[in-house]
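Here's a quick briefing for anyone meeting this fold for the first time. Have a look at the model, then read on for the sheets, the overall layout and the main pocket.

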Amino acid sequence: MNESIKFRLVRLSTDQFGLLIDMYKPDAPVGVYTKLSFGAEEKENIVVVSASFRFESDENQAPFIILETKALFHIKPESWECMYDAEANTLSLEKGFARHLSVIVVGTSRGILHTRTEGTALNHVILPLINVEAILNEDVTINLKKES
């Protein structure tokens, strides 16, 4: 897609947040496991980007922080039509655009983590910079639900 995609952020949510301070080991290295997923709500021309993060200081124990966030982006109808394949009933996000939306969600998640840990012993834990290019190395195809 050569033209600019017109969109706006319409909603953010924290779908899950867990703080298990007893699982944190201050002397152990921290591992952060990241997962990105995509969905869509066809009737409203919404693309949903979800990010999930697990902070672990010991791979044999439960994580000490779990964070799942979601952002909903409204895509202007003319941009939606350029990405929509009616025959396959799919929406294709060019990898550059998918990365852009993902960076927004990851940055938002970083702020949510800071706010949720403020005043706790884990406020020093920061969501590190994440190379979204390494996670998303191809276009994203979203299968849309068939209407009943």
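Strand 2 and strand 3 (residues 46-56) run antiparallel to each other, joined over eleven bridges. Strands here are DSSP runs of E with at least two residues, helices are runs of H or I with at least four, and both are numbered from the N terminus; two strands count as paired if DSSP finds at least two bridges between them. Keep in mind that this is a predicted model, where local features need pLDDT of at least 70 and side-chain atom pairs count only at pLDDT 80 or more, while totals for chains, interfaces and linings use all residues. Residues are numbered from 1 along each chain as its sequence is written, and side-chain values use heavy atoms, with hydrogens and water left out.

**The four-stranded sheet**
- Within the pairing of strands 2 and 3, Leu36 sits opposite Ala51 in strand 3.
- Four strands make up this open sheet, in the order 1-4-3-2, with antiparallel pairing.
- Strand 1 (7-19) and strand 2 are at the edges with a single partner strand each, so one side of each has no neighbour in the sheet.
- From one strand to the next, the twist averages 15°.
- Helix 2 (residues 95-117) packs on the sheet and touches strand 1, strand 2, strand 3 and strand 4 (65-75); contact means heavy atoms within 4.5 Å.
- The direction of helix 2 makes about 135° with that of strand 4, using lines fitted to C-alpha atoms (for helices over the stretch in contact) and angles from 0 to 180 degrees between N-to-C directions.

**The three-stranded sheet**
- Strands 5-6-7, in that order, form an open sheet with antiparallel pairing.
- Strand 5 (84-85) and strand 7 are the edges here, each with a single partner strand, so one side of each is left free of a neighbour in the sheet.
- Strand 5 pairs with strand 6 (residues 90-93) over two bridges, and Asp85 stands opposite Thr90 in strand 6.

**The whole protein**
- Three helices and seven strands make up the secondary structure, running β-β-β-β-α-β-β-α-α-β from the N terminus.
- The C-alpha trace spans about 55 × 30 × 25 Å along its principal axes.
- Of the 148 residues, 36% count as buried, that is, under 20% relative accessible area with a 1.4 Å probe, protein chains only.

**Where strand 2 turns up again**
- Strand 2 (31-41) and strand 7 (140-143) each supply at least two residues of the lining of the largest pocket.

Terms used
Buried < 20%, exposed > 50% of the residue type's maximum accessible area, 1.4 Å probe, protein only.
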